[in-house]
Amino acid sequence: MIKYKLFCKKCKISFDSWFASSMEYEKLKKKKFLSCHNCNSKKIEKTLMAPKILSKNNGNILSSKNLKFKEVNKKIKEYQKFIKNNFEYVGENFTYEARSIHYNKRRKKKGIFGSASNDQIKELKEEGIKIKTIPWIEDNKN
Ligand SMILES: [Zn+2]
């Protein structure tokens, strides 16, 4: 499918229209099947805009997805940086540390972060320990 921006010479508005191909557009134009959405005039011109082409394997969609993925990665990394600066890393001891803070009311200047299995997280939550899970990207540079 190709999207063309069409321009009506009579009422000077432009509107988008979809065609199966540029060939189809030419065919419809020759047969005067194209008319203005607004005034029905046949004086329709294709404006000089690069047509947007949509196919099943749309490159545009893929690249915008990549862009979003990169954006998400960036956000997660920012989040990680914030956590690293403001929380104490306890690694695999997360469950133990979380419990000791919760039950012993151990005062820590910083919150903690570390890794825990899904089961451990479930248990901690059931015990009323406030934890959050966030996506984590291993940073190979460290
Ligand atoms: Zn018109």
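The chain holds four helices and six strands. In sequence order these elements follow the pattern β-β-α-β-β-α-β-α-β-α. The model is predicted. Its mean pLDDT is 81, and 80% of the residues reach 70 or more. Confidence varies between elements. Helix 1 has the highest mean pLDDT, at 90, whereas strand 4 (residues 52-53) has the lowest, at 50. Where pLDDT is low, predicted coordinates should not be read in detail.

The chain has 142 residues, of which 9% count as buried. Contacts across the sequence were also examined. Among contacts between residues at least 6 apart in sequence, 53% join residues at least 24 apart.

The largest nonpolar core consists of eight residues. Its members are Tyr4, Leu6, Cys8, Phe19, Tyr25, Leu34, Cys36 and Ile44. Strand 1, which spans residues 2-8, contributes three residues to this core, the most of any element. In soluble globular proteins, nonpolar side chains tend to be buried together.

Leu6 is one of the core residues. Beyond its neighbours within four places in sequence, Leu6 is in contact with Ser14, Phe15 and Ser17, and also with Ile44, Glu45, Lys46 and Thr47. Of these partners, Ile44 is itself a member of the core.

Lys3 also lies in strand 1. Lys3 is partly exposed, because 14 other C-beta atoms lie within 10 Å, between the limits for exposed and buried residues. Its C-alpha atom is separated by 10.0 Å from that of Tyr25, which is 22 residues away along the chain. Tyr25 belongs to the largest nonpolar core.

Two residues stand out for their backbone angles. Most residues other than glycine have a negative phi. Lys32 is not a glycine, yet its phi is positive, near 60°. Asn40 is likewise not a glycine and has a positive phi of about 70°.

Lys32 is placed in the loop between helix 1 (22-30) and strand 3 (44-46). The loop between helix 1 and strand 3 also holds Asn40. A residue counts as exposed with 12 or fewer other C-beta atoms within 10 Å. Lys32 has 9 such neighbours and is therefore exposed. Asn40 has 10 C-beta neighbours inside 10 Å, so Asn40 is exposed too.

Notes: Residues numbered from 1 in each chain as written. Core = buried A, V, L, I, M, F, W, Y, C linked by C-beta atoms within 7 Å. Buried ≥ 20, exposed ≤ 12 C-beta atoms within 10 Å, placed from the backbone. Helix = DSSP H or I, 4+ residues; strand = E, 2+ residues; numbered from the N terminus. Contact = placed C-beta atoms within 7 Å. pLDDT = per-residue confidence, 0-100.
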